[in-house]
Amino acid sequence: MECVIGVVGRDFAVVAADTSAVQSILVHKTDEDKVMVLDSHKLMGASGEPGDRVQFTEYIQKNLHLYQFRNTIPLSTAATANFTRGELATALRKNPYMVNVILAGYDNDVGASLYYIDYIATLHKIEKGAFGYGSYFCLSLMDKLYRPDMTKEEAVDLVDKCIKEIRLRLVVAPQNFVIKIVDKDGAKEYARREYISDSPPDAAPVSEA
Amino acid sequence: MARYDRAITVFSPDGHLFQVEYALEAVRKGNAAVGVRGTDTVVLGVEKKSTPKLQDSRSVRKIAKLDDHIALACAGLKADARVLINRARVECQSHRLTVEDPVTVEYITRYIAGLQQKYTQSGGVRPFGLSTLIVGFDPHTEKPALYQTDPSGTFSAWKANATGRNSNSMREFLEKNYKETSGKETIKLAIRALLEVVESGGKNIEIAVMTQKDGLRELEEAEIDEYVAEIEAEKAAAEAAKKGAAKET
């Protein structure tokens with residue numbers, strides 16, 4: 001099942017998601033990127049109904065761009081989170097989007113922020129969060145190991161520990177993950193984690209920075 | 001003829017749509033605007049009428065960005081322009097959302113012209129009182145393009161064109177002096193055309209340059225002043241050369 005993880009530091013935020021695209025017993029692909037770059041300084045990791053996920057995140061992205069063309073300045077992370085929640089809420093009682101979202105962004109005045117938005121339009125500003133069956137394992141790991149003054153490397157290490165746990169303990173676990181980071185220099189892909197099958201199950205992940 | 005200009009859905013006996021023609025009059029009263037297409041650059045220039053002392057000039061931007069690769073300048077009713085520009089911006093994003101491709105310059109021009117035409121064939125509405133100059137680079141061919149639309153809803157592609165006040169003089173100048181240019185030469189040609197009808201100086205002109213790589217860039221007042229100085233120097237040199245040969249223009 002799909003997992004999305006988010007962790008925020010003082011001036012950066014990390015969003016990671018698995019890269020499996022699964023329908024019933026069939027794996028369509030193992031390199032599906034579920035963390036969308038909304039604009040220069042925002043990331044949206046999404047999980048849920050595949051059609052809704054793509055439609056909804058692209059819809060948010062294009063509306064963000066429209067705002068920027070109309071107003072010459074980008075929408076803030078907080079405003080984006082509330083706009084996203086509003087769209088989910090409006091659709092909820094008619095034609096709901098079955099999409100869960102972890103939104104991360106960097107604003108010059110506020111620094112890095114992380115938001116949890118679930119498919120029934122719950123909105124929380126958080127320091128760490130996760131969606132999917134993986135969250136059952138990751139949330140307690142993050143509770144134990146997270147510190148607000150972590151460096152980027154420590155945060156990615158925490159995410160790696162979560163990935164390791166998901167690979168180990170979740171039945172039909174997704175093996176491959178993508179990790180993206182947003183900081184004052186922008187939002188970009190940090191690394192991919194791919195599972196090498198002929199190594200023992202808890203082998204160190206292979207990264208491509 | 002007075003009976004045939006109330007509701008624009010009505011033709012006059014001699015085949016005129018008077019409201020559309022009156023809209024063109026409104027355009028003729030609007031500020032001068034010029035567009036020039038080069039081989040790797042497109043330039044838009046707009047006359048800046050003198051700003052009142054207390055007005056914040058930064059809030060009056062005359063050249064609008066429709067998308068990363070498309071820009072628009074217009075002459076005529078600025079309030080109508082806001083409406084059209086907003087619809088065009090939404091269409092640019094909507095197109096990207098539905099077909100995952102940025103619009104071509106021709107597509108968005110056709111869209112804007114289509115909107116303008118709709119308002120010449122509906123009850124109780126008046127046409128948009130503006131003509132637009134639309135520039136940009138096509139996403140796949142990477143060719144530069146310049147288009148013009150007018151209140152009747154017609155549009156066409158141009159190598160260089162002008163609209164608004166004294167557009168005829170500017171267009172004459174462009175017809176006489178146009179040649180394939182690139183980079184700075186394209187910018188100079190646009191400024192020279194504007195200077196034919198506008199008081200000289202960076203304060204009275206707004207110039208925006210679009211390239212394939214860097215998108216749209218508004219020139220600073222100081223930069224424009226530099227170009228103007230260069231152009232005046234070239235003009236003076238040409239005058240001196242002519243006088244030296246004992247000929248008069």
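This text describes the largest pocket of a predicted model and then a pair of packed helices, one from chain A and one from chain B.

The largest pocket holds about 910 Å³ of space. Its lining is made of 29 residues. Nearest the centre of the pocket lie A:Phe69 and A:Thr72 from chain A, together with B:Ala64, B:Lys65 and B:Arg89 from chain B. By class, the lining has 14 charged residues, 8 nonpolar and 7 polar.

Several elements each supply at least two residues of this lining. From chain A comes α1 (50-71), and from chain B come β3 (63-67), α2 (78-99) and β10 (215-218). The element that gives the most is α2(B), with 8 residues.

Two of these elements, α1(A) and α2(B), also pack against each other, with their axes 10 Å apart and at an angle of about 155°. Angles over 145 degrees count as roughly antiparallel, so α1(A) is roughly antiparallel to α2(B). The crossing of these two helices is right-handed.

On the α1(A) side, the residues in contact are A:Glu58, A:Tyr59, A:Lys62, A:His65, A:Leu66, A:Phe69 and A:Arg70. They meet B:Asn86, B:Arg89, B:Val90, B:Gln93, B:Arg96 and B:Leu97 of α2(B). By class, this contact has 5 nonpolar, 5 charged and 3 polar residues.

The pocket and the helix contact share residues. A:Phe69 of α1(A) and B:Arg89 of α2(B) belong to the contact between the helices, and both are among the residues nearest the centre of the largest pocket.

Notes: Residues numbered from 1 in each chain as written. Chains lettered and ligands numbered in written order. Predicted model: local features only at pLDDT ≥ 70, side-chain atom pairs only at ≥ 80, totals over all residues. Heavy atoms only, no water. 1 Å grid on protein atoms, 1.4 Å probe; cavity = no way out; pocket = protein on both sides within 12 Å on 5 of 7 lines; lining within 4 Å. Points joined across faces, edges and corners; volume = space filled by probe spheres on them. Helix = DSSP H or I, 4+ residues; strand = E, 2+ residues; numbered from the N terminus. Nonpolar A, V, L, I, M, F, W, Y, C, P; charged D, E, K, R; others polar. Axes fitted to C-alpha atoms, helices over the stretch in contact; angles between N-to-C directions. Parallel < 35°, antiparallel > 145°, perpendicular 65-115°, else oblique. Left-handed = near helix turned anticlockwise from the far one by under 90°. Contact = heavy atoms within 4.5 Å.
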